[in-house]
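Please look over the sequence and the model below before reading on, and keep both in view while you follow the explanation.

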Amino acid sequence: MVQSSKAHAELGHDRLTQNIEVDEEDQHDLDSVSQASGDAEVADEDDDGTSTRSQLAVQAVYENGRRYCNDSYFMPNDDAEQTRLNIIHQVFLMLLDGELTKAPVPQGRPCRILDIGTGPGDWAVEMGEKYPDAQVIATDISVFDAGPAVLGLPNVHFQLDDAEAAEWSYQEPFELIHFRGLSGALRNWETVYQQSFKNLRAGGYIEVVESEPDLDAIVFPDLDPNSYYNILASAMKSATTIDNAIDGTPRCHLQPSLLTASGFIDVRNYDITVPLGTWPNNDPRQSTLGKMMLIAFLEGLEAHCLRPLTATGNWTASNVRDICEKVKFEVAASKGATVSVRFVTGRKPMSHAPHRLRHQKKLEALLDGMNLDSSGPSGI
Ligand SMILES: C[S@@+](CC[C@H](N)C(=O)[O-])C[C@H]1O[C@@H](n2cnc3c(N)ncnc32)[C@H](O)[C@@H]1O
């Protein structure tokens with residue numbers, strides 16, 4: 001792998017950038033990560049409808065001791081973040097009793113599955129293992145270099161791709177498009193859902209899942225009104241609403257109406273309340289879930305808050321770390337904190353034909369009322 005390290009510290013910032021260039025020969029060093037579409041100059045489509053590119057450039061940014069994939073996405077992509085995502089993935093497996101999705105997946109016949117913002121790729125790789133007839137395309141703007149992608153499954157393809165590109169350019173449609181944990185990552189969900197609709201086969205499913213134990217999603221019954229938690233939650237709220245295109249809340253993209261507005265039907269919500277902490281002591285399953293969620297929360301709190309808060313200019317990294325430590329104690333001491341997890345699924349209709357038929361009938365009724373023949377000018 002060619003790594004050109006252009007590490008430079010910017011004045012006044014605890015920040016480094018590093019260019020990683022990968023040439024064609026060494027592409028496997030990055031687990032066959034390739035950049036898709038959005039960048040027409042460098043991306044080519046394979047016969048199977050996935051994309052490859054001969055050269056890609058990934059710029060890692062080091063800031064306040066964490067590694068980020070670029071200047072804008074707020075979460076790091078370092079080892080600590082990867083571990084957190086691995087734990088959350090295990091929580092999901094428990095919540096779904098070992099299943100990977102609430103959406104139906106075609107069995108025993110070839111199908112195409114797209115995992116947007118795949119992160120280290122746990123979900124994509126396990127889908128590829130569970131459905132060997134499926135081709136799984138796992139995309140991200142970031143590279144997690146020690147994820148399960150190293151397994152190199154022949155039916156799981158990792159690609160660098162920005163889901164916020166105005167037009168996606170996959171050659172073949174998908175049977176399932178999956179998003180998990182992308183709260184705060186994507187701003188224009190309307191466009192993303194429209195692109196998903198366009199890139200699904202008729203009858204295909206979209207699934208959007210939110211698990212992140214972000215401060216908004218925690219219910220904290222024994223919270224002291226003067227808690228550090230409240231201070232942090234309110235600082236995060238004002239720091240993160242600026243860019244949000246819908247209504248300023250991190251989970252607004254889970255509203256079913258957004259999916260129906262893009263044409264999806266049979267939109268369903270599945271809400272699960274998961275304990276956060278060591279407090280459940282009567283039920284072994286709840287107790288394990290609570291502990292795993294707590295570990296993920298403790299690991300992720302700084303990751304969630306550091307970049308958004310320091311970017312406001314009102315917080316130093318050390319202030320953020322300090323309050324995060326205090327909040328961790330408050331959450332760990334809670335005797336009833338929970339996190340809500342939501343799955344939303346929707347289906348692309350089989351055909352627009354009934355819709356067209358209804359329009360045709362309305363037109364005919366209108367023309368009847370006007371004593372005109374719907375067959376057009378020759379009938380007048
Ligand atoms: C919290 S992680 C979730 C990872 C994975 N879906 C999971 O559940 O483990 C969010 C991921 O979204 C990716 N991401 C952020 N902005 C993106 C974009 N515009 N297009 C594609 N992926 C993006 C990040 O790089 C990160 O890997």
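The paragraphs that follow go from the whole chain to one helix, then to the ligand, the nonpolar cores and a single residue in a strand.

This is a predicted model, and its protein chain holds eight helices and 14 strands. Of the 380 residues in the protein chain, 38% are buried. If we consider the contacts between residues with a separation of 6 or more, 68% of them join residues that are 24 or more positions apart in the sequence.

Helix 1 is a good place to begin looking in detail, and it runs over residues 79-95. Its 17 residues reach 25 Å from the first C-alpha to the last, which is close to the 24 Å expected at 1.5 Å a residue. Which residues of helix 1 are buried? They are E81, R84, L85, I88, H89, V91 and F92. Seen down the axis of helix 1, these buried residues fall within an arc of 155°, and therefore they line one face of the helix. The elements against which they pack are helix 2 (122-130), strand 13 (265-275) and helix 6 (284-311). Just after helix 1 comes D97, which takes a positive phi of about 50°.

Helix 1 also takes part in the surroundings of the ligand, since helix 1, helix 2 and strand 8 (134-140) each supply at least two residues of the shell around the ligand. There are 23 residues around the ligand, and those that come nearest are G117, G119, S142, G181 and A185. Sorted by character, the shell consists of eleven nonpolar, seven polar and five charged residues.

We can turn next to the nonpolar cores. The largest nonpolar core has 35 residues, and within it I113, A124, M127, V136, I177 and I206 touch the most other members. Strand 11 (residues 200-210) contributes the largest share of this core, namely five residues. Apart from this core lies another, of 26 residues, among them Y229, L232, V274 and M293. Returning to A124, and leaving aside its neighbours within four places in sequence, we find A124 in contact with D115, T118, V136, A138 and V156.

Finally, consider R347, which is found in strand 14 (residues 338-347). Is R347 buried or partly exposed? R347 counts as partly exposed because it has 19 C-beta neighbours inside 10 Å, whereas a buried residue would need 20 or more. Although R347 and A202 are 145 residues apart in sequence, they are 8.2 Å apart in space, C-alpha to C-alpha. Beyond its neighbours within four places in sequence, R347 is in contact with G203, Y205, F264, I265 and D266.

Methods
Residues numbered from 1 in each chain as written. Predicted model: local features only at pLDDT ≥ 70, side-chain atom pairs only at ≥ 80, totals over all residues. Helix = DSSP H or I, 4+ residues; strand = E, 2+ residues; numbered from the N terminus. Expected span 1.5 Å × (residues − 1). Buried ≥ 20, exposed ≤ 12 C-beta atoms within 10 Å, placed from the backbone. Arc of directions from axis to C-beta. Contact = placed C-beta atoms within 7 Å. Near = placed C-beta within 6 Å. Nonpolar A, V, L, I, M, F, W, Y, C, P; charged D, E, K, R; others polar. Core = buried A, V, L, I, M, F, W, Y, C linked by C-beta atoms within 7 Å.
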